[in-house]
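Reader: Hi! I'm in my first year and still learning to read protein structures. Could you pick one part of this one and take me through it slowly?

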Amino acid sequence: MENCIFCKIIAGEIPSKKVYEDEDMLVFHDISPQAKVHCLCVPKSHFATLAEMDEVQANQLKRCFEKIPAIAKDLGLENGYRLIINQGQDAGQTVFHLHIHILGGQKMGEKML
């Protein structure tokens with residue numbers, strides 16, 4: 001999508017502090033961290049929500065979830081981390097390109113988002 005900030009980051013048009021990249025995904029540090037470690041895992045295919053994904057995008061998302069444990073370990077999150085996917089405006093989604101928040105590096109309470 002031409003106006004999607006994550007698509008522009010994936011294309012290299014907007015710089016990011018990359019953590020990991022392969023043919024399916026890009027992981028980079030969030031510019032407004034909500035935890036000591038806050039990264040975003042973004043599938044390279046553009047779709048806004050889980051309800052919009054096709055089979056190819058579902059496989060990309062599966063690959064993201066398979067790779068996240070190794071990425072979390074590389075980020076020093078051996079004691080645990082939180083994954084969040086916001087779906088729609090009411091859930092707080094502000095960038096409408098599906099992405100997974102990886103939060104950690106500190107003890108988080110049950111109610112912390």
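Author: Happy to help; here is a close look at strand 3 and its surroundings, starting from the whole chain.

One thing to keep in mind is that you are looking at a predicted model. The chain contains two helices and five strands, and their order along the sequence is α-β-β-β-α-β-β. Its radius of gyration is 14 Å, close to the 13 Å that the globule rule gives for 113 residues, so the chain is as compact as a globular protein of that length. If you turn the model on your screen, the C-alpha trace spans about 35 × 30 × 25 Å along its principal axes. Of the 113 residues, 40% are buried. Among contacts with a separation of 6 or more, 53% link residues 24 or more positions apart.

Now find strand 3, which covers residues 37-43. How many of its residues are buried? Seven of the seven are, so the strand is largely enclosed by the rest of the structure. To count as buried, a residue must have under 20% relative accessible area.

It helps to look at the strand one face at a time. In a regular strand the side chains alternate between the two faces of the sheet. On one side of strand 3 you will find Val37, Cys39, Cys41 and Pro43, while His38, Leu40 and Val42 are on the other side. Both faces are covered, with each of these residues buried.

Next, look at the strands that pair with strand 3. One partner is strand 2, residues 25-29, which is antiparallel to strand 3 and joined to it over five bridges. Here His29 is the residue opposite Cys39. Another partner is strand 5, residues 100-104, also antiparallel to strand 3 and connected by five bridges. Two places to find on this pairing are Cys41, whose bridge partner is Ile100, and His38, which stands opposite Leu103.

Strand 5 deserves a moment too. Five of its five residues are buried, so this strand is also largely enclosed by the rest of the structure. Ile100, Ile102 and Gly104 point one way, and His101 and Leu103 point the other way. Strand 5 also pairs with strand 4, residues 81-84, in the antiparallel sense over four bridges. In that pairing, Ile84 has His101 as its bridge partner. You can therefore step across from strand 2 to strand 3, on to strand 5 and then to strand 4, using the pairings that DSSP bridges define.

Finally, follow the chain onward from strand 3. Thr49 lies in the loop between strand 3 and helix 2. Is Thr49 buried or exposed? Thr49 is buried, with a relative accessible area of 14%. Setting aside neighbours within four places in sequence, Thr49 is in contact with Gln87, Gly88, Gln93 and Leu98.

After the loop comes helix 2, residues 55-74, where you can find Ala58. With a relative accessible area of 28%, Ala58 is partly exposed. Try comparing its position with Pro43 in strand 3: the two are 15 residues apart in sequence, and their C-alpha atoms are 9.7 Å apart in space.

Definitions and conventions
Residues are numbered from 1 along each chain as its sequence is written. This is a predicted model: local features need pLDDT of at least 70, side-chain atom pairs count only at pLDDT 80 or more; totals for chains, interfaces and linings use all residues. Side-chain values use heavy atoms; hydrogens and water are left out. The radius of gyration is taken over C-alpha atoms; the globule rule is 2.2 Å times the number of residues to the power 0.38. Buried means under 20% relative accessible area, exposed over 50%, partly exposed in between (1.4 Å probe, protein chains only). Contact means heavy atoms within 4.5 Å.
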